[in-house]
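Student: I should like to understand how the descriptive terms used for this protein are justified. Could we take them one at a time, beginning with the rings?

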Amino acid sequence: LHEVLYCTRDFSSFMRSILKQAVTQLGWKPHPNEPHTTSLLRSLLLSHAMDFNLREISSEGAGLFELFLKNESAHPIPSDIRPAVYHAFIINGGEEAFGEILARYRRETDPVEKRWLLTALGSSRNPYLLRETLGLLLTGDVRRQDAYYV
């Protein structure tokens, strides 16, 4: 769905070059004593990097989620990058990743976390998985006010 918004090839290429440079400079992980505005910028840039399909950046984010899966307490994901990490995991992981994020969505009780997980489910590039996500809207798994985030 996001690709419709960024349809021109030249614009997408331009954005990818800017985002790649900025994300490479900031990195995925926060640095000690960095201003909170840098954390906000990181979150925004990583989300846009996922939207513009920067594979090397999304692969790194998916790797962070895989580390988290192996040992959640040893490799927590900072909340400011969690939406981008979920997004990266879905983009890179296929049906298994979709199943993992869907299971987490169904178990989660925090509405903000649920929204992040739901948004990630809607970011798959696989048409079958997108249909599955849209199907959640019809089953009552998704609250009406959260349908926007799909």
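Tutor: Rings of Phe, Tyr and Trp are counted as a pair if their centres lie within 6.5 Å. By that criterion, a search of the whole structure, which is a predicted model, finds 5 aromatic pairs.

Student: What makes the pair of Phe11 and Phe52 edge-to-face?

Tutor: The two ring centres are 6.2 Å apart, and the planes stand at 65° to each other. A pair needs centres within 6.5 Å, and edge-to-face needs an angle over 60 degrees, so Phe11 and Phe52 satisfy both conditions. Phe11 belongs to helix α2 and Phe52 to the loop between α3 and α4, so this pair ties together parts that are 41 residues apart in sequence.

Student: Why is Phe52 called buried, and why is Phe11 called partly exposed?

Tutor: Buried means under 20% relative accessible area, and exposed means over 50%. Phe52 has 3%, so Phe52 is buried. Phe11 has 38%, which falls in between, so Phe11 counts as partly exposed.

Student: Why is the pair of Phe65 and Phe68 called tilted?

Tutor: Their centres are 5.7 Å apart and their planes are at 45°. Stacked rings require under 30 degrees and edge-to-face rings over 60, so this angle places the pair among the tilted ones. Both residues lie in helix α4, 3 residues apart, about one turn of the helix, and both are buried. Ring pairs also link Phe65 and Phe68 with Tyr86 and Phe89 in a cluster.

Student: What makes up the largest nonpolar core?

Tutor: This core has 40 residues, and those with the most contacts inside it are Trp28, Ile57, Phe65, Ile101 and Leu121. Two or more residues come from each of α2, α3 (36-51), α4 (55-70), α5 (82-107), α6 (111-121) and α7 (127-139). Helix α5 gives the largest share, 12 residues. In soluble globular proteins, nonpolar side chains tend to be buried together.

Student: Which residues does Ile101 contact, leaving aside neighbours within four places in sequence?

Tutor: Ile101 is in contact with Phe65, Tyr86, Phe89, Ile90, Leu117, Ala120 and Leu121.

Student: Which residues make the nonpolar surface patch, and how do you know that Phe14 is accessible enough for it?

Tutor: Phe11, Phe14 and Ile18 make the patch, which covers about 270 Å². Phe14 is located in helix α2 (residues 9-26). A patch residue needs over 30% relative accessible area; Phe14 has 46%, so Phe14 passes that cut-off and counts as partly exposed.

Terms used: Residues numbered from 1 in each chain as written. Predicted model: local features only at pLDDT ≥ 70, side-chain atom pairs only at ≥ 80, totals over all residues. Heavy atoms only, no water. Patch = residues over 30% accessible without salt bridge, like charges linked within 9 Å, V, L, I, M, F, W, Y side chains within 5 Å. Areas by Shrake-Rupley, 256 points an atom, 1.4 Å probe, with all protein chains shown as cover. Salt bridge = Lys/Arg side-chain N within 4 Å of Asp/Glu carboxyl O. Helix = DSSP H or I, 4+ residues; strand = E, 2+ residues; numbered from the N terminus. Buried < 20%, exposed > 50% of the residue type's maximum accessible area, 1.4 Å probe, protein only. Core = buried A, V, L, I, M, F, W, Y, C linked by side-chain atoms within 4.5 Å. Contact = heavy atoms within 4.5 Å. Phe/Tyr/Trp six-rings, centres within 6.5 Å; stacked < 30°, edge-to-face > 60°.
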